[in-house]
Structures are given as C-alpha cells and as structure tokens.
Amino acid sequence: RATIGCRRVQAQMIDRNDTHAKQDRSPVTVADFLAQALVICELSEHCPEIPVIGEEDAAYLRTEEGAVHRRRVVSFFREV
C-alpha cells in the first residue's frame, strides 16, 4: 500500500517544491508522511503489541502551517 500511495502522490503532485523542511533542513514530502502512516497502520493492525517509532514527526501536520499537507496526506491515505 505504501508503494502504491507514493506512486499516486508522485503522479498527481506537480510542484516539486511542495516539501516541509525539518529542523536539520532535510525535506519531508507528502509521500514521506503518507508512507509512514500506511506502514504504521498496517503494523498496528497486525502487531498491536509492538510500539512503533516513525522517522517523520507528524506534529507539523497538526499545525496551521501543515494543514495543506495534512489534507493531502489524508486524501491520499483514503485513496489507498
């Protein structure tokens, strides 16, 4: 599902600059957030007793600044 979701993001998102810069200035994209959400969802369903630590901090998605990215991630998540 993560691969399918990332390919959909790649096919539909035109603006290559549509990224968020983390504190270390490395970029994180909608595809990064989407892949992480899909993998964590699957792991939680099949192995709920194992805690998961993700690479991307989703706190950004809960901010006003991250609202556009959040809507995109949720939209792609629902498609997959």
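A residue counts as buried when its relative accessible area is under 20%, as exposed when over 50%, and as partly exposed in between (1.4 Å probe, protein chains only). Keep that one handy for the exercises below.

The model is predicted, so local features need pLDDT of at least 70, side-chain atom pairs count only at pLDDT 80 or more, and totals for chains, interfaces and linings use all residues. Residues are numbered from 1 along each chain as its sequence is written, and side-chain values use heavy atoms, with hydrogens and water left out.

**Exercise 1. Classify Gln36: is it buried or exposed, and what does it touch?**

Step 1: find the residue. Gln36 lies in helix α2. Helices here are DSSP runs (H or I, at least four residues), strands are runs of E (at least two), and both are numbered from the N terminus.

Step 2: compare with the cut-off. Gln36 has a relative accessibility of 18%, so it counts as buried.

Step 3: look for its partners. A contact means heavy atoms within 4.5 Å. Setting aside residues up to four places away in sequence, Gln36 touches Gly54, Glu55 and Glu56.

**Exercise 2. Sketch the chain: in what order do its elements run?**

Step 1: count them. You should get three helices and two strands.

Step 2: walk from the N terminus. The order is α-β-β-α-α.

Step 3: check the overall size. For 80 residues, a compact globule would have a radius of gyration near 12 Å, and the chain has 13 Å, which agrees. That radius is taken over C-alpha atoms, and the globule rule is 2.2 Å times the number of residues to the power 0.38. Along its principal axes, the C-alpha trace spans about 35 × 30 × 20 Å.

Step 4: see how much is tucked away. Buried residues make up 26% of the 80 residues.

**Exercise 3. Test the helix rule on α2 and α3: what span should each have?**

Step 1: write down the rule. The expected span is 1.5 Å times one less than the number of residues.

Step 2: try α2 (residues 30–46). Its 17 residues should span 24 Å, and the end C-alpha atoms are 24 Å apart, which agrees.

Step 3: try α3. Its 13 residues should span 18 Å, while its end C-alpha atoms are 19 Å apart, which agrees.

**Exercise 4. Find what lies over the buried residues of α2 and α3: which elements pack there?**

Step 1: list the α2 set. Val30, Ala31, Phe33, Leu34, Gln36 and Leu38 are buried.

Step 2: name their cover. It includes α1 (2–12), β2 (27–29) and α3.

Step 3: repeat for α3. Here the buried residues are Ala67, His69, Val73 and Phe76. They pack against α1, β1 (19–21) and α2.

Step 4: zoom in on one of them. His69 is found in α3 (residues 67–79). Its relative accessibility is 8%, so His69 counts as buried. Apart from residues up to four places away in sequence, His69 touches Asp18, Thr19, His20, Val30, Tyr60 and Leu61.

**Exercise 5. Compare Arg25, Ser26 and Val28: which class does each fall into?**

Step 1: place them. Arg25 lies in the loop between β1 and β2, and Ser26 lies in that loop too. Val28 is in strand β2.

Step 2: sort them. Arg25 has a relative accessible area of 74%, so it is exposed. Ser26, at 22%, counts as partly exposed, and Val28, at 2%, counts as buried.

Step 3: check the backbone. Arg25 has a phi near 70°, a positive value in a residue other than glycine.

Step 4: list contacts, again leaving out residues up to four places away in sequence. Ser26 is in contact with His20 and Ala21. Val28 touches Thr19, His20, Lys22, Phe33 and Glu56.

Step 5: add two distances. Val28 and Thr3 are 25 residues apart along the chain, and their C-alpha atoms are separated by 16 Å. For Ser26 and Arg70, 44 residues apart along the chain, the C-alpha separation is 19 Å.
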